[in-house]
Amino acid sequence: MHWPQLPDLGPTGVDIGLSRTALGDDFRCTETGPIRSVHIWGSFQDDLLPKGGPDSLTLQVSLYSDIPATATHGSRPGSLLWARVFKQGEYTARK
């Protein structure tokens, strides 16, 4: 794993609504070579799972190059490097 970022299960953990919106994460990559897996940590409002279960969702994952932070701008995405839509049955959900 390039840079594990485990979920914050404490009282400071934050839930973010992802319905019709994008969420970005600027992760630290310390090795060269391909990214072989992506792990997404999720939670559901009031701990109520979707009607079809957590593996019934459609997820789009996109990886972008990095435009590093400067004195006047924070780090931000550059060029799209890879993207894929994962539909039901194309990923594994665990509790």
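Analyst: A strand here is a DSSP run of E, at least two residues, numbered from the N terminus. The model is predicted. Ile-35 sits in the segment before strand E1 (59–67).

User: How many helices and strands does the protein have?

Analyst: Zero helices and two strands. Besides E1, there is strand E2 (76–86).

User: Why is Ile-35 called partly exposed?

Analyst: Its relative accessibility is 35%. Buried needs under 20%, and exposed needs over 50%. Ile-35 meets neither, so it counts as partly exposed.

User: What makes Ile-35 part of a nonpolar patch on the surface?

Analyst: Patch residues need over 30% relative accessible area. Ile-35 has 35%. Nonpolar side chains are joined within 5 Å, and a salt bridge rules a residue out. Ile-35 forms the patch with Phe-27, Val-38 and Ile-40. Together they have about 340 Å² of accessible area.

User: Why is the pair of Trp-82 and Phe-86 called tilted?

Analyst: The ring planes stand at 50°. Stacked needs under 30 degrees, edge-to-face over 60. The angle fits neither, so the pair is tilted.

User: How do you know that these rings pair?

Analyst: Their centres are 6.5 Å apart. The rule asks for centres within 6.5 Å. The count comes to one aromatic pair.

User: Are Trp-82 and Phe-86 buried or exposed?

Analyst: Phe-86 has a relative accessible area of 15%. That is under 20%, so Phe-86 is buried. Trp-82 has 36%. That lies between the two cut-offs, so Trp-82 is partly exposed.

User: What share of the protein counts as buried?

Analyst: 5% of the 95 residues. The accessible surface comes to about 8,600 Å², and 53% of it belongs to carbon and sulfur atoms.

User: What makes Arg-94 exposed?

Analyst: Its relative accessible area is 73%. The cut-off is over 50%, so Arg-94 is exposed. Arg-94 lies in the segment after strand E2. Its C-alpha atom is 8.4 Å from that of Asp-55, 39 residues apart along the chain.

How values were computed: Residues are numbered from 1 along each chain as its sequence is written. This is a predicted model: local features need pLDDT of at least 70, side-chain atom pairs count only at pLDDT 80 or more; totals for chains, interfaces and linings use all residues. Side-chain values use heavy atoms; hydrogens and water are left out. Rings of Phe, Tyr and Trp (its six-membered ring) pair if their centres lie within 6.5 Å; planes under 30 degrees apart count as stacked, over 60 as edge-to-face and the rest as tilted. Buried means under 20% relative accessible area, exposed over 50%, partly exposed in between (1.4 Å probe, protein chains only). Helices (H or I, at least four residues) and strands (E, at least two) are DSSP runs, numbered from the N terminus. Accessible areas come from the Shrake-Rupley method with a 1.4 Å probe; for residues, only the protein chains shown count as cover. Patches are made of residues with over 30% relative accessible area and no salt bridge: like charges are joined within 9 Å, nonpolar side chains (Val, Leu, Ile, Met, Phe, Trp, Tyr) within 5 Å. A salt bridge is a side-chain nitrogen of Lys or Arg within 4 Å of a carboxyl oxygen of Asp or Glu.
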